[in-house]
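Biologist: I have a model open and a handful of labels I'd like to understand. Could you walk me through where they come from?

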Amino acid sequence: MPKILFKIFAGCLLTAVVATIVSVIVPWAVLFVMSMIGKEPAPITLIIVAAATSAVVSAFWLIGASAIKWFNWMFCGEKACVKHPPHAAIGMPLVIFAPLALGGCAAWLGWTYYGEIVSVIESSQNFHYFTLLFLPPALTVSQICCLFAVAIHYGVWQICPRCGRMFCIGHSLTEYRDVTDTKYKKKTRKEKVGSISYKGKKIADVEANVTRIQKETTNTEYEDFKGYCMHCGREHRKGSKISIG
């Protein structure tokens, strides 16, 4: 259990670092462009930009990690079981503690010291202090995304609906399928089909609508899992689409 909690904390921290770096760069770019045209954005505008950037980056980071089989860097997989499984009422608060703590601290700091930070920026005219405005919203939003990801992942994979215990479901891979879907699409566009000449000299090109058929192939990999609750014996079956290419 401690290993699982540490892995969640490390994953949330890594998400926060990635999202915060990008969420500092983008508002700085907005600030630079607006200063070049002689406009000074309001601090709240830059905060909104930082928060929105963090949401987009965190979502793509977490969803992308799932799609390309990187979820193990943050979440313990389907075979993560513990000797004494806790009840969901105890287990869920434990697994969501990390994003709640990190995001809550960042939100509290941003709310508490917002006025002081704005005052320092206005009095010193030093643009470097703007970074202090970007950090709290970027961290908070990234951890909100982590909170949803952690809750959904462990709520779906690691809670037995019969006994309500967590980390007691032993999953095993029962089937692997690679499905290929081929579609043919017609695309029409103007193309050169010839030319008009007079006495050996080209006068004009001749164009016409040409329809071509393009082949598009999509490969989708599926994994089917079957398991049972080691606490109450209930059978479970899960199927997951793991990647599309």
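Modeller: Let's begin with contacts along the chain: of those between residues at least 6 apart in sequence, 72% join residues at least 24 apart. Keep in mind that this is a predicted model.

Biologist: What is the order of the helices and strands from the N terminus on?

Modeller: The elements run α-α-α-α-α-α-β-β-β, so the protein has 6 helices and 3 strands. Buried residues make up 33% of its 245 residues.

Biologist: Why are α1 and α6 called oblique to each other?

Modeller: Helix α1 (residues 2–36) and helix α6 (residues 130–157) pack at an angle of about 140 degrees. Roughly antiparallel would need an angle over 145, and roughly perpendicular runs from 65 to 115. The pair fits neither class, and therefore α1 and α6 count as oblique. Their axes are 7 Å apart, and α1 passes α6 in a right-handed crossing.

Biologist: Which residues meet where α1 packs on α6?

Modeller: From α1 they include Ile4, Ile8, Cys12, Ala16, Thr20 and Trp28. On the α6 side, Phe130, Phe134, Leu135, Ala138, Leu139 and Tyr154 are among them. The residues of this contact divide into 17 nonpolar, 6 polar and no charged.

Biologist: Let's zoom in on one of those. What makes threonine 20 count as buried?

Modeller: Buried means under 20% relative accessible area. Threonine 20 has 10% relative accessibility, so it counts as buried. This residue is found in helix α1. Not counting residues up to four places away in sequence, threonine 20 touches Leu135, Ala138 and Leu139.

Biologist: And arginine 234, why is that one described as partly exposed?

Modeller: The relative accessible area of arginine 234 is 30%. Buried would be under 20% and exposed over 50%. Arginine 234 lies between those cut-offs, so it is partly exposed.

Biologist: Where is the place of arginine 234?

Modeller: Arginine 234 is in the loop between β2 (201–229) and β3 (235–244).

Biologist: How do you know that arginine 234 and arginine 162 come together in space, and what is arginine 234 in contact with?

Modeller: The two arginines are 72 residues apart along the chain, while their C-alpha atoms are separated by 7.2 Å. Contact means heavy atoms within 4.5 Å. Leaving aside neighbours within four places in sequence, arginine 234 is in contact with Cys160, Pro161, Arg162, Gly227, Tyr228 and Cys229.

Biologist: One last thing: how much accessible surface does the protein have?

Modeller: The accessible surface comes to about 15,100 Å², and 64% of that belongs to carbon and sulfur atoms.

Definitions and conventions. Residues numbered from 1 in each chain as written. Predicted model: local features only at pLDDT ≥ 70, side-chain atom pairs only at ≥ 80, totals over all residues. Heavy atoms only, no water. Helix = DSSP H or I, 4+ residues; strand = E, 2+ residues; numbered from the N terminus. Buried < 20%, exposed > 50% of the residue type's maximum accessible area, 1.4 Å probe, protein only. Areas by Shrake-Rupley, 256 points an atom, 1.4 Å probe, with all protein chains shown as cover. Axes fitted to C-alpha atoms, helices over the stretch in contact; angles between N-to-C directions. Parallel < 35°, antiparallel > 145°, perpendicular 65-115°, else oblique. Left-handed = near helix turned anticlockwise from the far one by under 90°. Nonpolar A, V, L, I, M, F, W, Y, C, P; charged D, E, K, R; others polar.
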